[in-house]
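Work through the following exercises with the structure open. Each task is followed by its solution in steps.

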Amino acid sequence: MEKSERAKERKEKRLQEISLLRTIPYSDHQRWWSAETVAVVTGGNRGIGFEISKQLAAQGVTVVLTSRDHSVGLEAAKVFQEGGFNVFCHQLDVLDTASITEFCDWLKQNYGGLDILINNAAVNFNQGFDNTVEYASQVITTNYYGTKNMIQAMIPLMKPSVAGARIVNVSSRLGRINGKRSKIEDVCLREKFSNLDTITEELIDQTVSSFLQQVQDGTWESGGWPKTFTDYSVSKLAVNTYTRLMAKMLSDRPEGQKIYINCYCPGWVKTAMTGYAGNISVEAGADTAVWLALLPDLAVTGKFFAERREISF
């Protein structure tokens with residue numbers, strides 16, 4: 001109990017520090033961005049995505065928030081516009097190829113591309129002590145394949161710049177390979193996911209497919225999968241691993257065309273996804289995404305962060 005209390009105190013202290021850091025303005029020499037800088041935030045109509053959009057817009061970035069429901073997205077954008085922010089909305093379903101293609105065409109025609117991609121769109125159907133896998137297919141498809149779809153679609157549209165384009169994937173500590181609450185029991189699989197040299201897109205896809213097959217067969221409970229929020233944990237394990245793989249694949253791009261990709265855990269945030277039962281404010285939950293997106297002289301890629309600090313995969 002004492003150890004748990006000390007950890008809680010350390011985290012609260014860190015969140016207080018971050019709250020203070022957010023009040024410190026960027027200096028002119030740090031601001032590599034301008035009003036011409038375009039950030040796309042998926043699922044930006046509510047929750048963490050809405051707050052990320054707000055914080056980026058407050059720094060002077062032009063934000064395009066996306067929403068599956070266009071009318072809801074327009075209402076969200078209207079709130080920002082009434083506050084004087086350059087925030088716009090476009091309908092987007094990250095699982096619909098036609099929707100993604102239409103969005104890409106619109107983005108290129110109106111903005112010439114983008115500088116920042118925040119992959120925030122995600123779903124979770126477990127709350128409290130629940131651990132249902134009834135919606136596992138939807139969770140995996142949205143959280144992993146939706147993120148992958150957007151990365152592949154947006155890379156060709158990312159603008160060349162000295163500062164480099166940035167991709168930030170909203171993920172979770174529940175996707176850690178050796179997490180206390182979400183550990184993968186299969187030692188061989190754990191080793192493959194731990195070693196960047198053995199990580200492939202096929203490995204990630206096969207792993208999530210195997211999980212979904214076991215869900216369908218009713219054998220997933222003996223499959224050695226994470227014990228907490230199993231489907232969500234597996235989806236975020238895939239996101240984390242794909243982040244590392246893409247960082248490796250993008251690492252040889254020439255200067256001026258660099259793309260830096262990282263993921264982060266916002267914590268258990270008070271949003272609809274957690275049934276508003278979280279212990280982290282939405283402002284604190286969005287902070288690290290914005291910090292990574294705007295970090296001056298960013299040379300770090302393929303890493304995992306929480307509370308503005310690197311954590312292990």
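**Exercise 1.** Does Tyr111 count as buried, partly exposed or exposed, and what is its relative accessibility?

Solution. The model is a predicted one. Tyr111 has a relative accessibility of 21%. Buried would require under 20% and exposed over 50%, so Tyr111 counts as partly exposed.

**Exercise 2.** Classify the aromatic pair formed by Trp106 and Phe103, then place both residues in the secondary structure.

Solution. Step 1: rings pair if their centres lie within 6.5 Å, and planes under 30 degrees apart count as stacked. By this rule the count comes to 13 aromatic pairs. Phe103 and Trp106 are one of them, with 6.0 Å from centre to centre and 25° between the planes, which makes the pair stacked.

Step 2: both residues belong to helix H4, residues 97–111. They are three residues apart there, so about one helical turn separates them. Phe103 is buried, at a relative accessible area of 0%.

Step 3: Trp106 also pairs with Tyr111, at 5.6 Å centre to centre and 70° between the planes, and this pair is edge-to-face. Ring pairs link Phe103, Trp106 and Tyr111 with Phe88 into a cluster.

**Exercise 3.** Find the ring that the charged end of Arg244 sits over, and give the distance.

Solution. The ring is that of Phe313, and the charged end of Arg244 lies 5.0 Å from its centre.

**Exercise 4.** Describe the surroundings of strand S4, residues 116–119, starting with its two faces.

Solution. Step 1: in a regular strand, side chains alternate between the two faces of the sheet. In S4, Ile116 and Ile118 are on one side, with Leu117 and Asn119 on the other. All four are buried, which leaves both faces covered.

Step 2: S4 pairs with strand S1 (residues 38–41) in the parallel sense, over three bridges. Ala39 stands opposite Ile116, and the bridge partner of Val40 in S4 is Leu117.

Step 3: S4 also pairs with strand S5 (residues 165–170), again in the parallel sense, over four bridges. Here Leu117 has Ile167 as its bridge partner. Together with helix H5 (residues 136–154), S4 and S5 make a right-handed β-α-β unit.

**Exercise 5.** Sort the residues of S1 by the way they point, and trace the chain from S1 to strand S2.

Solution. Step 1: Val38 and Val40 point one way from S1, while Ala39 and Val41 point the other way; all are buried.

Step 2: S1 and S2 (residues 62–67) run parallel and are joined by four bridges. In S2, Val63 stands opposite Ala39.

Step 3: between these strands the chain passes through helix H2 (residues 47–58), in a β-α-β crossover that is right-handed.

**Exercise 6.** Compare the span of helix H9 (residues 282–294) with the expected value, and locate its kink.

Solution. Step 1: H9 has 13 residues and reaches 18 Å from its first C-alpha to its last, close to the 18 Å expected at 1.5 Å a residue.

Step 2: the kink is about 25° and is centred on Thr288.

Step 3: 12 of the 13 residues of H9 are buried, so the helix is largely enclosed by the rest of the structure. Thr288 is among the buried residues, which also include Asp287 and Trp291.

Key. Residues are numbered from 1 along each chain as its sequence is written. This is a predicted model: local features need pLDDT of at least 70, side-chain atom pairs count only at pLDDT 80 or more; totals for chains, interfaces and linings use all residues. Side-chain values use heavy atoms; hydrogens and water are left out. Rings of Phe, Tyr and Trp (its six-membered ring) pair if their centres lie within 6.5 Å; planes under 30 degrees apart count as stacked, over 60 as edge-to-face and the rest as tilted. Buried means under 20% relative accessible area, exposed over 50%, partly exposed in between (1.4 Å probe, protein chains only). A charge sits over a ring if NZ of Lys or CZ of Arg is within 6 Å of the ring centre and within 35 degrees of the ring normal. Two strands pair if DSSP finds at least two bridges between them. A crossover is right-handed if, with the strands pointing away from the viewer, the path from the first strand over the helix to the second runs clockwise. The expected span of a helix is 1.5 Å times one less than its number of residues. The bend at a residue is the angle between axes fitted to the seven residues ending there and the seven starting there.
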